[in-house]
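Me: I would like to check the labels on this structure one by one. Please set each value against its cut-off.

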Amino acid sequence: MSEVLVVVEHADGSVKKVTSELLTLARTLGEPSAVWIGPGYSDAAEAALGEFGAAKVYVADGAQYIDHPVAPRAEVLASLVSEHSPSAVLIASSADGKETAGRLAIKINSGVITDAIGISADGIATQSVFGGSTVVHSRVIKGTPIFTVRPNSTPPVAAATTPTKVEVSVPVSEVAMKAKVTGRTVAQKDGRPDLSEAAIVVSGGRGVGAPEGFAVIEALADSLGAAVGASRAATDAGWYPHQYQVGQTGKTVSPQLYVANGISGAIQHRAGMQTSKTIVVVNKDPEAPLFELADFGVVGDLFQVVPQLTEEIKKRA
Amino acid sequence: MKIAVCVKQVPDTWAEKKLRGDDSTLDREAADGVMNELDEYAVEEALKLQEAGGGEVTIVTMGPERAGETVRKALSMGADAAVHLVDDALHGSDALATSYALATVLAGRGFDLIFFGSESTDARMSVVPAMVAERLGVAQLTFAQKVDVVGTSVTIQRTTDYGFETVEASMPVVISVVEKINEPRYPSFKGIMAAKKKPVETLSVADAGLEAEQLGLSAAWTVVEDFAARPPKAAGTIVTDDGEGGVKLAEYLATQKFI
């Protein structure tokens, strides 16, 4: 069976959920080989990759691969592609992932499709574009197809294997080392799941009214084990940090459940959340356009409805 | 300091975007064109650096004739000159072809800083800045929420999921910016008048020394098989809060097995 490379997303040594999704998807295309780039590889990481069917794990375990943004990752992948001729390369649709895919495409003379939400066995990718209003099917027609895949688009299904570890050492070129990471600053470790891969996202917008208003949004998020998001109106006003912005110029999320509170639903915002599986809207304005997308909506004051919902969830827990 | 800012004309954010029935490319005629929003932040950052350290800001764009409107807007914000690559052969170019064309136009002009917005609101791929850096063999400083220039050294804060990375490189560099970085200025009346007299160099594919067979829809390494409007969502249940709205919502979430 043909080999499919899956680039592992990891943080603090643990494998992120999106990688399990990509391995699951890769099994429909061929035999998945995980590619671990950077320090922190462990037996636990290997087991996590094996659980979702990685037959091999290529490990490029060195700080030099992550101390320079993106370029060294593309070099590692280009080297693996030329050595093993995989039938496809799958990368998570993160900022790093998309940029890695772009650079790799140039290095290996191959087409690239970003933000796929599905890939058929014959290599046709599904994308949801223009804020979710249009579904496009497309295919790479040159080289080794490179796909970046959105988190939460394939439910992870385990298929346990014992992976073979293959150590990889690719020298990083001087060009790839021109930009150097000199520091990493953790802005806020809130203990909540990552916004881009959370199963549930609870968001607040203009209706939240003030930074303090986000306390009720956070309380609801915590009762559901959810990530917190914000509309651009809220981040531009400085009520919540920018990295939590959901929308056209922020993050695109596609959780199982999206709870929008005090968000009217401008195209700007819809572009970032329209593909969520279930959408719940709380807004005091019955005319808010986001109600058009709602599976369930409550017309009411979020400061009444949300705390009541949080209490109710706690009661049922 | 020579600064380039690559800008793109896109359909207005508020307009409904569609693909063309004939060749599955974006229908750019169906909506008003505006400068890609994040590119305004790139122009602003370039102008701020110019105000602080001198030099020249050149706008670079690739697109049909009407993209000239976007060039004028950038010039009216305060940029000095522009290069507009315009040719029917460019129609339908994918990110690989776009990066090839831009890198070719940028190369050899001696730019110290090459700015981009971190994504366009139409294609939303976020790959062209990294691709241009790859092709030019220069440092990639992308997703910048802050840019500092000291001499020939450039330091940015690269936005990440957990906060930011501090990344450093020496000029020349490719920089892409996120909206957090600044607040773009509006063109003043004086700026709009001055823009009319600023030089815009118009280049064809041949003028730029580009190979036409590497450009346009026929050179794209991906093809659209088909597309369709997403089926409209069935109307959901909307209730008005009568004091029990939160409880009703909890009941709904329970039936959907979220709680």
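The questions below take salt bridges and a helix in turn.

Reply: Go ahead; note that this is a predicted model.

Me: Why is the contact of Asp96(A) with Arg158(B) called a salt bridge?

Reply: The closest N and O atoms are 2.5 Å apart. The cut-off is 4 Å, between a side-chain nitrogen of Lys or Arg and a carboxyl oxygen of Asp or Glu. The pair therefore qualifies as a salt bridge.

Me: Where does that pair sit, from Asp96(A) to Arg158(B)?

Reply: The pair crosses between chains. Asp96(A) belongs to helix α4 (residues 95-107) of chain A, and Arg158(B) to strand β8 (residues 153-160) of chain B.

Me: What makes Arg158(B) buried? And is Asp96(A) partly exposed by what value?

Reply: Arg158(B) has a relative accessible area of 2%. Buried means under 20%, so Arg158(B) is buried. Asp96(A) has 28%. That lies between 20% and 50%, so Asp96(A) is partly exposed.

Me: Which residues are linked with these two in a network of salt bridges?

Reply: Asp96(A) and Arg158(B) are in a network with Asp67(A), Glu99(A), Arg184(A) and Glu165(B). Over all chains, the search finds 34 salt bridges.

Me: How do you know that Glu225(B) and Arg139(A) meet in a salt bridge?

Reply: Their N to O distance is 2.4 Å. The limit is 4 Å, so the pair counts. This pair, too, crosses between chains: Glu225(B) is in strand β12 (residues 222-229) of chain B, Arg139(A) in strand β9 (residues 134-140) of chain A. Glu225(B) is partly exposed at 35% relative accessibility, and Arg139(A) is partly exposed at 31%.

Me: Why do Arg20(B) and Asp22(B) get their exposure labels?

Reply: Their side chains meet in a salt bridge at 3.0 Å, N to O. Asp22(B) has a relative accessible area of 60%. Exposed means over 50%, so Asp22(B) is exposed. Arg20(B) stands at 26%, between the two limits, so Arg20(B) is partly exposed.

Me: How do you know that the buried residues of α5(A) line one face of the helix?

Reply: In helix α5 (residues 214-224) of chain A, the buried residues are Phe214(A), Val216(A), Ile217(A), Leu220(A), Ala221(A) and Leu224(A). Seen down the axis, they fall within an arc of 160°, so they line one face. An α-helix has 3.6 residues a turn, so residues three or four places apart point the same way.

Me: What do the buried residues of α5(A) pack against?

Reply: They pack against β13 (200-204), β14 (227-230), α6 (232-236), β15 (257-261) and α8 (302-316) of chain A. Just after α5(A), Gly225(A) takes a positive phi of about 65°.

Notes:
Residues are numbered from 1 along each chain as its sequence is written. Chains are lettered from A and ligands numbered from 1 in the order in which they are written. This is a predicted model: local features need pLDDT of at least 70, side-chain atom pairs count only at pLDDT 80 or more; totals for chains, interfaces and linings use all residues. Side-chain values use heavy atoms; hydrogens and water are left out. Buried means under 20% relative accessible area, exposed over 50%, partly exposed in between (1.4 Å probe, protein chains only). Helices (H or I, at least four residues) and strands (E, at least two) are DSSP runs, numbered from the N terminus. The arc is that of the directions from the helix axis to the C-beta atoms. Contact means heavy atoms within 4.5 Å.
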